[in-house]
Amino acid sequence: MKNTDTIWNFVEARHQPMIALSDAVWDIPELNYGEFRSCALHAEALRREGFRVAHDVGGLPTAVMGEAGEGGPVIAFLGEYDALPGLSQAAGVAAHQPLAGDGNGHGCGHNLLGSASLLAAIAVKDWLAATGTPGRVRYYGCPAEEGGAGKGFMVRAGVFDDVDVAITWHPSHFATIFPPASLANLRIDFTFTGRASHAAAAPFLGRSALDAAELLNIGVNYLREHMLPSSRIHYAYQDAGGVAPNVVQSRTVIRYTVRATELDDMLALADRVRKIADGAALMTETIVTSQVISGMANLLGNPPLEAAMQANLERLGPPPFDEADRIFATSIRTTLTKEEIAAAFKAMDLPVDPDKPLCDTILPWSETRGRSMLGSTDVGDVSWVVPTVQALGATCAIGTPFHSWQLTAQGKSPLAHKGMVHVAKVMAATAADVLRDETLLARAKHDHAERLKRQPYVSPIPADVQPPLVVEQAA
């Protein structure tokens with residue numbers, strides 16, 4: 001308990017600058033691989049706190065890494081700072097009020113995510129120095145989690161190869177362990193090329209790329225009956241070919257996302273989608289090419305690390321929300337539907353409590369919790385090469401949909417700040433446990449090795465695929 005209290009004190013000592021960092025990143029929402037200003041803010045904070053800083057990590061211009069300490073195990077904290085398009089919103093306002101500008105917004109709380117992970121890393125750095133404990137702590141600022149698979153490219157570049165344990169978190173409605181499950185996914189662009197013609201005078205001369213894309217959609221819809229119930233397939237047109245209905249469209253680009261709970265199942269399902277695309281091209285006498293844009297593996301759990309993190313959650317207790325936080329959360333909930341509020345409880349396998357606006361307890365650990373409502377994360381790829389554990393931090397009103405303006409509205413609120421500091425304490429204490437307890441580290445590594453014996457890691461990103469990097473724009 002004494003050691004745990006000490007690490008919490010180090011978090012408290014540095015939390016104000018990290019809250020300021022979180023708010024500054026919220027103010028400049030940047031999309032996948034374009035997080036130049038957000039990355040620079042994190043790099044500046046690392047230098048100010050005495051870390052040894054490396055830029056362009058893994059060949060990604062918006063990835064940064066800071067390291068402190070000497071010898072011993074290497075503990076990595078993973079941070080993010082990318083935003084989403086179309087989710088601009090005034091802070092602290094329980095009504096939809098988009099801000100002037102590019103329309104981007106932090107509708108998934110990654111401004112908080114990176115700042116809390118960095119706060120935990122700073123606390124561990126200071127704790128190592130104060131206690132003389134051997135060990136190195138790293139903070140990795142990771143770009144493009146929102147579909148860009150930044151960590152997947154970093155894994156492929158080997159930047160985590162000498163890390164012993166990785167720790168991270170994600171904003172949530174509740175304070176608990178991140179369920180050790182996610183959907184592996186692959187994003188593929190299919191480009192159909194046909195032949196244009198006059199749609200009335202000579203349609204027989206045309207070969208419609210748009211028809212081919214629609215036949216692909218029809219074929220995939222029939223495939224849905226014959227795939228695993230937990231698998232998911234989505235699509236979006238990137239280029240529908242044009243706006244003139246009297247032209248047989250000669251080029252169409254459609255992006256598919258294929259997901260499954262296991263990496264090998266996802267890769268097999270993606271191959272079936274490719275075959276349907278080939279069939280659509282055959283039926284329309286068009287040509288189809290495909291290009292993988294990004295891919296993510298599913299998460300591997302690590303029970304020894306999850307048990308250690310759960311113990312720290314229970315020692316710390318729930319976030320210290322006050323009446324003002326509950327009043328603001330209640331105002332946000334007036335903009336939500338009953339279904340949205342209920343879904344948040346059901347995702348955690350909890351009975352619905354419509355009168356509870358904020359998390360007020362630590363959920364007991366359950367390995368199966370949350371498996372009915374899974375998304376994807378590029379933390380999955382890290383978890384295949386490093387024993388990894390994640391927390392969920394309570395940072396918003398229960399029921400707030402992620403990727404929504406309501407989440408953006410709460411991103412600079414006192415309740416979000418309290419949840420951010422709370423989860424930083426949990427992560428820092430878990431790192432201290434690993435650094436002090438050789439048996440915990442050994443058990444974590446053994447569990448990880450046993451999982452890889454059953455199924456070795458295969459990067460879902462083909463070797464010839466490069467990240468869609470953004471050229472930095474002048475401010």
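**View 1. The largest cavity: a closed-off space of about 70 Å³**. This is a predicted model, where local features need pLDDT of at least 70, side-chain atom pairs count only at pLDDT 80 or more, and totals for chains, interfaces and linings use all residues. Residues are numbered from 1 along each chain as its sequence is written, and side-chain values use heavy atoms, with hydrogens and water left out. Rolling a probe the size of a water molecule over the atoms shows where empty space is left. On a 1 Å grid over the protein atoms alone, a cavity is a set of points where a 1.4 Å probe fits but cannot get out. Grid points are joined across faces, edges and corners, and the volume is the space filled by probe spheres set on them. Counting cavities of 30 Å³ or more gives one. Its lining residues (an atom within 4 Å of a point) are F178, P179, P180, L299, L300, G301, E306, T388, V389 and Q390. Which strand gives the most to this lining? That would be β11 (residues 388-394), with three residues. Sorted by class, the lining has six nonpolar, three polar and one charged; here Ala, Val, Leu, Ile, Met, Phe, Trp, Tyr, Cys and Pro are nonpolar, Asp, Glu, Lys and Arg are charged, and the others, Gly among them, are polar.

**View 2. The seven-stranded sheet, with β11 in it**. Helices (H or I, at least four residues) and strands (E, at least two) are DSSP runs, numbered from the N terminus, and two strands pair if DSSP finds at least two bridges between them. Follow this open sheet across and you meet β1-β2-β4-β3-β5-β11-β6, with mixed pairing. At the edges sit β1 (52-55) and β6 (176-177), each pairing on one side only. β6 runs antiparallel to β11, joined over two bridges; look for T176 opposite L392 in β11. Helix α7 (residues 303-316) packs on the sheet, touching (heavy atoms within 4.5 Å) β5 (165-172), β6 and β11. The direction of α7 makes about 30 degrees with that of β11; axes are lines fitted to C-alpha atoms, for helices over the stretch in contact, and angles run from 0 to 180 degrees between N-to-C directions.

**View 3. Helix α7 meets helix α13**. α7 and α13 (residues 438-454) pack at about 140 degrees, with axes 7 Å apart. That makes α7 oblique to α13, because angles under 35 degrees count as roughly parallel, over 145 as roughly antiparallel, 65 to 115 as roughly perpendicular and the rest as oblique. On the α7 side, the contact uses P303, P304, L305 and A308, while α13 brings L440, R443, A444, D447 and R451. These contact residues divide into six nonpolar, no polar and three charged.

**View 4. The second largest pocket, about 290 Å³**. A pocket is an open set of points with protein on both sides within 12 Å along at least five of seven lines. This one has 16 lining residues, with E262, N298, L299, L300 and R451 nearest its centre. By class, the lining has six nonpolar, five polar and five charged residues.

**View 5. The four-stranded antiparallel sheet**. This open sheet goes β8-β9-β7-β10, and its edge strands are β8 (232-239) and β10 (287-296). Strand β7 (residues 184-193) pairs with β10 over nine bridges; one to find is L186, whose bridge partner in β10 is G295. Helix α6 (residues 263-284) packs on the sheet, touching β7, β8, β9 and β10.
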